[in-house]
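Thanks for sharing this one. Here are my notes, point by point, to read with the model open beside you.

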Amino acid sequence: MKTDVKALVVGGGAVGTSIAYHLAKAGWSDVMLLERDELTSGSTWHAAGLLPYFNMSYATTHIHDYSIKFYKTLEEETGLNAGFSVVGNLRMAQTQARMDEYELYATTADTCGVPYEFMTPAQIKERWPLVNTDDLLGALYHPTDGYINPADVTMAMAKGARQRGVMIERKWQVDGYEWKGDHWEVTVTKTAEKGGNLISTDETVVIKAEHVVTATGNHAQRTAKLLGIKTPAIPVEHQFIVTEPDPALVEYRKAGNPEHPVLRDADAKWYVREERGGWILGPYELGAPACFKYGVPDSFRADLFPLDLERIEEEYMSMIHRIPTSETVGLKDDFNGPICYTPDGNPLIGPAPGLRNMWLAEGFSFGITAAGGAGYYLAQLMTEGEAEIDMGSLDPKRYGQDWMTTDYAVAKNEEAYEHVYILHHPDEERPRARPLRTAPAYERQKALGAQFGCVNGWERPNYYGPLDADDNFDHDARSFRRGGWWQYAMEEAKAIREGVGIIDASAFAKHVVKGPGATAFLDHLTCNKLPKVGRINLTYALSVKGTTRTEYTIVRLAEDEYYLVSAGALHAYDEDFLLKAAEDFGFDQGYFHIQDVTTQWAVYAVAGPKSRDLLNELVRDAEPETVLSNKRFPWLSMRNIELGMCPVRAIRVAYTGELGWELHVPVEMGLYLWDQLMAAGEKHGLKPVGTRAQNWLRQEKSYRAYGHELGRDATPMEADLPRFIDLSKDFAGKAAMEATGVRSKCVTVLIDGPEDADPWGREALFDGETRVGRLTSGGYSVAFGKSIGMGYVKPEQAVAGTKLKVKMQGKLWDAEVTEDSPYDPTNAKIRIDG
Ligand SMILES: Cc1cc2nc3c(=O)[nH]c(=O)nc-3n(C[C@H](O)[C@H](O)[C@H](O)COP(=O)(O)OP(=O)(O)OC[C@H]3O[C@@H](n4cnc5c(N)ncnc54)[C@H](O)[C@@H]3O)c2cc1C
């Protein structure tokens with residue numbers, strides 16, 4: 001066995017095999033794959049092999065799309081038939097809300113070029129008469145997907161990988177990883193069969209690998225332990241049953257009819273497909289337990305759990321309702337196996353936290369569907385430094401290392417399993433493991449009717465509902481159109497435009513970079529000029545491809561001390577980047593250190609034309625009447641002030657585009673200051689405001705948001721932010737950004753949409769009938785009284801006045817590109833003196 005390789009892939013399931021294949025295809029030689037048992041002996045062998053396109057995430061849709069296309073090419077390349085049955089997928093709807101969900105999905109599918117069609121109950125009945133359509137409103141049909149044989153596709157990828165030079169070694173288990181500064185030393189042990197068990201032998205080898213990828217499926221917890229990191233990838237039991245042949249189905253097929261598509265009754269929470277004249281039923285039932293939370297026992301190999309029929313009785317009965325002929329057929333077989341999950345149901349793909357050249361590909365719950373694309377895009381990340389699509393939403397560091405625990409992962413993973421077939425409302429908030437991370441004023445906000453969202457474990461008010469709301473208020477307020485919360489968000493947005501509002505932004509990620517080398521480091525890392533002492537700049541750190549890796553608000557506290565504020569959702573993701581960038585930069589130009597101060601500061605954004613009047617009531621100063629004036633406290637500056645007894649790092653910025661201050665306060669005084677502000681605010685009409693209103697308001701100012709307009713698939717030039725890029729200096733990623741040019745450009749659009757709905761920021765944009773771009777944000781504008789959105793179009797369309805169409809609810813609606821910042825384009829309101 002070779003002991004010195006470029007890349008070592010650990011795990012020979014569908015995912016690891018695809019990664020090894022794609023690394024070789026991307027041009028890396030010396031790729032080795034190790035499997036502790038046999039290829040496919042993890043979850044892969046017992047998967048049902050369905051390859052559904054349907055997914056509400058942009059990145060995951062691309063991954064699935066790649067897989068489906070790639071698997072169709074494997075036979076030609078390897079001579080092995082992967083058993084791809086392109087029977088299509090029929091996703092049925094019993095309710096209007098479900099049809100709305102499909103319409104929203106469809107516009108996302110448009111943006112990814114995924115083919116689909118809608119069908120009426122009559123069309124379904126005509127083509128598939130065994131399906132009871134009595135209570136259906138319609139269905140979404142994907143003609144080009146279907147199901148595959150999971151073991152065969154893995155073997156085909158393995159053969160393709162070997163043909164490209166990949167070494168695949170079975171019966172070798174990785175038992176230890178050690179980073180040596182520029183490579184990993186990986187200790188592996190030979191395993192052997194003994195009495196049906198897999199045991200470790202005394203034979204060990206150390207393999208030197210420049211890069212390591214772990215794709216260890218249900219063993220992710222052991223892998224994490226060996227690496228000294230945390231991961232929320234923990235399996236949940238999933239079962240499917242196989243029936244005896246259904247005579248009606250056999251007859252139907254004998255008559256020359258084609259195979260049924262994979263049927264999904266989403267409202268009944270199951271999939272069904274044909275299997276040798278019978279049916280496979282796969283339910284996503286309530287109560288499926290997590291398993292192996294501290295690792296897989298040695299005794300568990302390619303094993304299964306006993307069937308729990310009681311748990312899936314409801315789904316079984318609903319299959320009989322949907323396919324009445326299945327009532328009389330008996331059960332032939334059952335599978336109950338571990339299926340790895342993560343709290344949001346999406347895999348963890350990307351660099352491991354805190355480690356170099358260590359890549360994770362763990363937590364795959366639709367791993368057969370995702371394997372092809374995951375391998376393709378991860379190989380791009382590894383070989384080129386970035387992928388064509390923004391992989392940020394799948395990055396392993398979206399779950400912070402500091403706060404995430406086993407109990408959290410178990411609760412959320414079981415929830416993610418149960419939620420596979422829920423209505424995927426864009427305004428959904430999942431209830432489990434909450435509240436967990438709360439800001440100081442949490443209880444006060446709750447008493448004011450706050451309906452919380454959860455970001456990175458933090459509770460943040462989304463909006464303030466009625467005071468007498470019951471526990472289900474927010475649940476019932478969700479919709480694919482304007483939900484029951486819309487009115488509240490609109491009143492909050494108006495309060496900021498006309499009076500004064502307060503937003504809790506305590507979840508912001510906050511880091512201090514300090515020391516003689518801090519300026520040189522940040523100047524190199526970010527593309528804007530660094531601010532002067534006491535001033536603030538908005539700036540971007542770029543990826544190696546020149547795209548936007550992170551957005552920072554940088555406050556210069558002292559000559560060599562900076563306070564960096566970035567998105568709360570991305571705390572660990574940003575921190576890992578910052579620490580690695582600092583290490584790469586080195587300390588030749590002076591020592592500096594980076595301190596995470598996120599949980600030391602609570603943050604309130606106070607904004608609106610009356611915000612100065614309100615703060616003037618509380619500010620203590622020798623000359624209190626002028627401390628908040630433009631002269632002493634200009635826009636984009638920072639001052640340490642006192643509000644009552646609270647010391648405040650006040651920053652004159654407002655993400656809502658109104659006069660305002662961000663008040664950063666010691667977390668232990670957060671409650672005190674909240675109370676002071678609320679009491680003083682009473683006579684000014686101070687209104688607590690949630691993130692939904694804030695999200696609408698920032699679009700009126702064309703303020704880009706990370707994860708929406710800003711990400712690793714667009715440069716800051718493409719985000720149309722030249723005013724924040726100092727081309728006169730050198731900065732990381734500059735050459736790549738310039739070489740990329742402007743492929744598409746960020747715009748703001750005002751939309752004459754439907755009366756009862758706004759875009760969500762995932763809709764396709766059209767010029768006439770031609771798709772020309774997509775929205776990345778959406779909402780309602782109180783200033784213009786209509787829907788608003790931000791997104792990307794071809795540069796030639798990114799001109800104020802260009803008429804476009806937005807696809808919503810299956811129809812095209814008029815939209816017009818606005819100038820940047822359609823509300824208060826000269827920033828007069830933000831700069832107003834007083
Ligand atoms: C009943 C059931 C039905 C399913 N149906 C579908 C479906 O229809 N469609 C779909 O897309 N998905 C389905 N899935 C999910 C799918 O099976 C998994 O997502 C997929 O198999 C994950 O592949 P993987 O390569 O990540 O993990 P695995 O297949 O589990 O592979 C991981 C491999 O890593 C090896 N390994 C672990 N640790 C080490 C180590 N230290 N050293 C060496 N090797 C190691 C293991 O032996 C294993 O072979 C189903 C799952 C279940 C349980």
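1. Let's begin with Thr 154, which is in helix H6, residues 150–163. Is Thr 154 buried or exposed? Its relative accessible area is 0%, so Thr 154 is buried. Please keep in mind that this is a predicted model. Setting aside residues up to four places away in sequence, Thr 154 touches Gly 12, Gly 13, Ala 14, Thr 17, Thr 40 and Thr 44.

2. Thr 44 leads us to the ligand. There are 37 residues around the ligand, and Thr 44 is among those that come nearest, together with Glu 35, Phe 364, Gly 367 and Thr 369. Two ligand oxygen contacts are worth displaying: a polar side-chain atom of Glu 35 is 2.6 Å from an oxygen atom of the ligand, and an N or O atom in the side chain of Thr 369 lies 2.7 Å from an oxygen atom of the ligand. The backbone takes part too, with a polar backbone atom of Val 174 at 3.0 Å from a nitrogen atom of the ligand.

3. How much of the ligand's accessible area does the protein cover? On its own the ligand has 1,000 Å², and the protein covers 98% of that. The elements giving two or more residues to the shell are helices H1 (14–25) and H10 (367–384), along with strands E2 (31–35), E9 (172–179), E12 (234–243) and E16 (331–341). Sorted by class, the shell has 18 polar, 16 nonpolar and three charged residues.

4. Next, a residue of H10: Ile 368. Ile 368 counts as buried because its relative accessible area is 8%, under the 20% cut-off. Its contacts, leaving out residues up to four places away in sequence, are Ala 14, Thr 44, Ala 47, Gly 49, Leu 51, Tyr 71, Ile 148 and Pro 150. It is also worth measuring out Leu 50 on your screen: 318 residues separate Ile 368 from Leu 50 in sequence, yet their C-alpha atoms are 7.5 Å apart.

5. Now the nonpolar cores. In soluble globular proteins, nonpolar side chains tend to be buried together. Here the largest nonpolar core has 85 residues, and those touching the most other members are Ile 19, Leu 23, Tyr 71, Val 213, Tyr 271, Leu 378 and Met 391. H10 supplies the largest share of this core, nine residues. Val 213 shows how distant parts of the sequence meet: beyond its neighbours within four places, Val 213 is in contact with Leu 8, Val 9, Val 10, Ile 19, Leu 23, Trp 359, Ala 361, Leu 378 and Met 382. Another core, of 32 residues, lies apart from the largest one and includes Ala 602, Leu 615, Leu 643 and Met 678.

6. Have a look at His 183, in the loop between E9 and strand E10 (184–194). Although it sits in a loop, His 183 counts as buried, because its relative accessibility is 14%. The side chains of His 183 and Asp 182 are joined by a polar contact of 2.8 Å. Outside its neighbours within four places in sequence, His 183 is in contact with Glu 178, Lys 208, Ala 209 and Glu 210.

7. Finally, helix H19, residues 691–700. How many of its ten residues are buried? Nine are, so to speak a mostly covered helix. Among the buried residues of H19 are Arg 692, Trp 696, Arg 698 and Glu 700. Just after H19, Ser 702 adopts a positive phi of about 60°.

Conventions: Residues numbered from 1 in each chain as written. Predicted model: local features only at pLDDT ≥ 70, side-chain atom pairs only at ≥ 80, totals over all residues. Heavy atoms only, no water. Near = heavy atom within 4 Å. Polar contact = N/O pair within 3.5 Å; in protein donor to acceptor, adjacent residues only side chain to side chain. Areas by Shrake-Rupley, 256 points an atom, 1.4 Å probe, with all protein chains shown as cover. Helix = DSSP H or I, 4+ residues; strand = E, 2+ residues; numbered from the N terminus. Nonpolar A, V, L, I, M, F, W, Y, C, P; charged D, E, K, R; others polar. Core = buried A, V, L, I, M, F, W, Y, C linked by side-chain atoms within 4.5 Å. Buried < 20%, exposed > 50% of the residue type's maximum accessible area, 1.4 Å probe, protein only. Contact = heavy atoms within 4.5 Å.
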